[in-house]
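Hello,

Here is the structure we spoke about, with the sequence alongside. My notes on what was found follow below it.

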Amino acid sequence: MTTLRALYSALFVLIPFYIFSQTKLVSWNIENFGKSKSEQTINYIANSLREYDIIAIQEVVAGYGGAQAVARLADELNRKGTKWDYVISDPTSSSAYKTERYAFIWKTSKVTKIGRAWLEKKYHLEIDREPYFCTFEYENKQFTVVNFHAITKKRQPETEIKYFKYLPDEYPNLNLIFAGDFNCPQSHTVFNPLKKMGYTSILIGQKTSLKQECKNNNCLASEFDNMYFKSSKVNTINSGIIPFYKNFNSLKEARIISDHIPIWFEFSLN
């Protein structure tokens with residue numbers, strides 16, 4: 001009886017630690033995220049992401065309606081019982097391609113934003129849509145999410161991604177987690193320098209973009225979205241995708257939301 005009581009006591013100590021000791025980060029390239037998204041769409045997105053702690057969004061429209069769409073999403077999340085805050089980047093400096101914004105939305109009860117978020121400027125000439133950094137603190141430990149949307153596959157995104165190997169040395173005091181749409185699979189050799197530094201991807205062989213239509217229940221096209229983290233600093237608890245397209249009758253309907261699916265990472269910090 002004493003042994004059982006001791007076991008139950010140990011479980012009660014461990015269970016809260018497990019439940020409350022991790023952070024959930026979700027990343028989503030929400031296609032053309034701006035004024036074209038209806039209130040119904042915004043509500044659907046909010047319901048899909050409400051269980052996560054930090055939301056990293058790519059492809060926010062740079063012009064009118066993009067920042068407002070982020071504010072609308074944050075407002076919708078706030079209506080669901082938890083307080084959220086958000087930050088939006090300036091438009092990326094791309095002159096040769098499509099300029100966009102990035103955004104972060106987070107639960108204020110779970111994580112604290114540290115300092116100002118910033119667009120990476122050192123390589124803004126080499127990277128069309130330079131990544132957007134934001135540092136968060138969770139239980140007195142900090143990590144920095146690097147939000148990124150690469151140029152399209154046909155424009156060779158590896159010519160941009162190759163500069164990521166310099167970022168850990170540029171920010172030696174930051175625990176970097178790269179997240180977003182790389183338009184490039186994790187198996188590409190361009191990621192080898194990061195891997196040699198101890199970075200690993202949360203997904204392997206997982207396609208994340210939607211086809212135009214499903215064929216034989218095959219609905220996903222390319223392995224583009226991922227996250228990369230340093231395994232000596234970050235502990236993986238779980239990761240995966242949100243196959244939201246399964247809630248729709250066709251991919252044409254699902255693509256009104258986006259042409260990519262969200263990816264997520266549940267982790268703790270060393």
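**What was found**

T144 is found in strand β7, which covers residues 141-149. Please keep in mind that this is a predicted model. With a relative accessible area of 1%, T144 is buried, because buried means under 20% relative accessible area.

What does the side chain of T144 join in a polar contact? The partner is the side chain of T135, and the contact is 2.7 Å. T135 also appears among the residues that T144 touches once its neighbours within four places in sequence are left aside. The others in that list are W118, F133, C134, L174, N175, L176 and I177. One of these contacts, C134, is itself buried, at 0% relative accessibility.

Next, the cysteines. How many disulfides does the structure hold? The count is 1. This disulfide joins C214 to C219, with an S to S distance of 2.0 Å. The link of C214 and C219 is right-handed, with 115 degrees about the S-S bond.

Are the two ends of that link buried or exposed? C214 has a relative accessible area of 36% and is partly exposed, whereas C219 is at 8% and counts as buried. The labels differ because buried means under 20% and partly exposed lies between that value and 50%.

C184 is another buried cysteine, with a relative accessible area of 3%.

To find these places in the viewer, start from T144 in strand β7, then go to the disulfide of C214 and C219.

Regards

Notes. Residues are numbered from 1 along each chain as its sequence is written. This is a predicted model: local features need pLDDT of at least 70, side-chain atom pairs count only at pLDDT 80 or more; totals for chains, interfaces and linings use all residues. Side-chain values use heavy atoms; hydrogens and water are left out. Helices (H or I, at least four residues) and strands (E, at least two) are DSSP runs, numbered from the N terminus. Buried means under 20% relative accessible area, exposed over 50%, partly exposed in between (1.4 Å probe, protein chains only). A polar contact is a pair of N or O atoms within 3.5 Å; within protein, one must be able to donate a hydrogen and the other to accept it, and residues adjacent in sequence count only if both atoms are side-chain atoms. Contact means heavy atoms within 4.5 Å. A disulfide is a pair of cysteine sulfur atoms within 2.5 Å.
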